[in-house]
Amino acid sequence: MTLLETNAVRLTYMGQVHNLKQIEAGPEAKYSDGWMVWALTGDVWTLRDVSVKDQPKDVAQHCVLQTSFPPAETAQSTITGSIRLPKGLALPPTAEVVVELRDVFLGDAPSPALAESKMSLGKPEGPIPFSVSVDPSKIDAKHPYAVEVRVLAGGRLRATNDKQYLVLTQGNPNQVDIVLVKVPRTVAKP
């Protein structure tokens, strides 16, 4: 059984779960975790055991790709909360606040944004409320999701969160209060 993700496949074989990352794209797609390779040749998927160096062994041929696991818990589709700006950060009212929901399933890979909300900063007095909605069909209850916030002024990043705020699945809430930190301005060298 497999779950096809963006650039990843979760495969269960002989009772063991393998999280495979895409190593080749296109008509000859391949996914691997260093122990197993899930490869497509033409219309045929093959599973190879590559745990012994230079001795790959086909363990399953003519495999069928299943695009989702059996239904799991239903995830909520709206994230709400508040954003606290860093003290002493001077920003124009035209500064833009970008709130994104990201799938952080593959911790060492770029996290795809599933939903985004943008708003002008204005002249906030206290925490800034936000709401981000996501299509529930994009949520996999087995994946962790995090909210990322960026404040941009004049095209420059001025503030962001420096810790992960998990939401929606795996017992995490759909409401979160986010504290931002200043991003130091870089000084151009003469």
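These legends go with a set of close-up views of a predicted model.

**View 1. The whole chain, an all-strand affair with 0 helices and 16 strands.** Before zooming in, here are the overall figures. The chain has 190 residues, and 37% of them are buried. Its accessible surface adds up to about 11400 Å², with carbon and sulfur atoms accounting for 52% of that. If you take the contacts between residues at least 6 apart in sequence, 51% link residues at least 24 apart.

**View 2. The largest nonpolar core, made up of 28 residues.** Leu101, Phe130 and Val147 are the ones with the most contacts inside this core. Plenty of strands chip in: strand 8 (78-84), strand 9 (96-103), strand 10 (113-120), strand 11 (128-133), strand 12 (145-153), strand 14 (165-167) and strand 15 (175-179) each bring at least two residues to it. Strand 12 gives the largest share, with 5 residues.

**View 3. Val147 and the residues around it.** What does Val147 touch, once residues up to four places away in sequence are set aside? The list runs through Ile79, Val99, Glu100, Phe130, Asn161, Tyr165, Val167, Val176 and Ile178. Phe130 turns up here as a contact of Val147, and both of them are also among the residues with the most contacts inside the largest core.

**View 4. A second, separate core of 11 residues.** Look for Tyr31, Leu40, Trp45 and Cys63, which are among its members. Cys63 also shows up as a contact of Thr46, a residue of strand 6. With a relative accessibility of 8%, Thr46 counts as buried. Apart from neighbours within four places in sequence, the contacts of Thr46 are Val37, Trp38, Ala39, Asp58, Ala60, Gln61 and Cys63.

**View 5. An open sheet of 3 strands in the order 11-8-15.** The pairing in this sheet is mixed. Strand 11 and strand 15 are the edge strands, each pairing on one side only. From one strand to the next, the twist averages 25°. Strand 8 and strand 11 run antiparallel and are joined by 6 bridges. To find your way along that pair, start from Ser82, whose bridge partner in strand 11 is Pro129, and then pick out Thr80, opposite Ser131 in strand 11. How do strand 8 and strand 15 run, parallel or antiparallel? They run parallel, with 5 bridges between them. On that side, Arg84 sits opposite Val179 in strand 15.

**View 6. The loop between strand 14 and strand 15, with Leu168 and Gln170.** Leu168 has a positive phi of about 75°, though it is not a glycine. As general background, most residues other than glycine have a negative phi. Is Leu168 buried or exposed? Its relative accessibility is 8%, which is under 20%, so Leu168 counts as buried. Gln170, in the same loop, counts as partly exposed because its relative accessibility is 44%, in between the 20% and 50% cut-offs. The side chain of Gln170 reaches out to the backbone oxygen of Lys142, at 2.7 Å. Gln170 and Tyr145 are 25 residues apart along the chain, and their C-alpha atoms are separated by 9.1 Å.

**View 7. Asp54, a non-glycine residue with a positive phi of about 60°.** Where does Asp54 lie? It belongs to the loop between strand 6 (44-49) and strand 7 (57-63). With a relative accessible area of 71%, Asp54 is exposed. Leu168 from the previous view also has a positive phi, but that residue counts as buried.

**View 8. Ala159, a buried residue at 0% relative accessibility.** This alanine is part of strand 13 (residues 156-160). Which residues are in contact with Ala159, leaving aside its neighbours within four places in sequence? They are Pro86, Leu89, Val149, Arg150, Val151, Leu180, Val181, Lys182 and Val183. Take Val183 from that list: it is 24 residues from Ala159 along the chain, and the two C-alpha atoms are separated by 5.1 Å.

Technical notes:
Residues numbered from 1 in each chain as written. Predicted model: local features only at pLDDT ≥ 70, side-chain atom pairs only at ≥ 80, totals over all residues. Heavy atoms only, no water. Core = buried A, V, L, I, M, F, W, Y, C linked by side-chain atoms within 4.5 Å. Buried < 20%, exposed > 50% of the residue type's maximum accessible area, 1.4 Å probe, protein only. Helix = DSSP H or I, 4+ residues; strand = E, 2+ residues; numbered from the N terminus. Contact = heavy atoms within 4.5 Å. Pairing = 2+ DSSP bridges. Axes fitted to C-alpha atoms, helices over the stretch in contact; angles between N-to-C directions. Polar contact = N/O pair within 3.5 Å; in protein donor to acceptor, adjacent residues only side chain to side chain. Areas by Shrake-Rupley, 256 points an atom, 1.4 Å probe, with all protein chains shown as cover.
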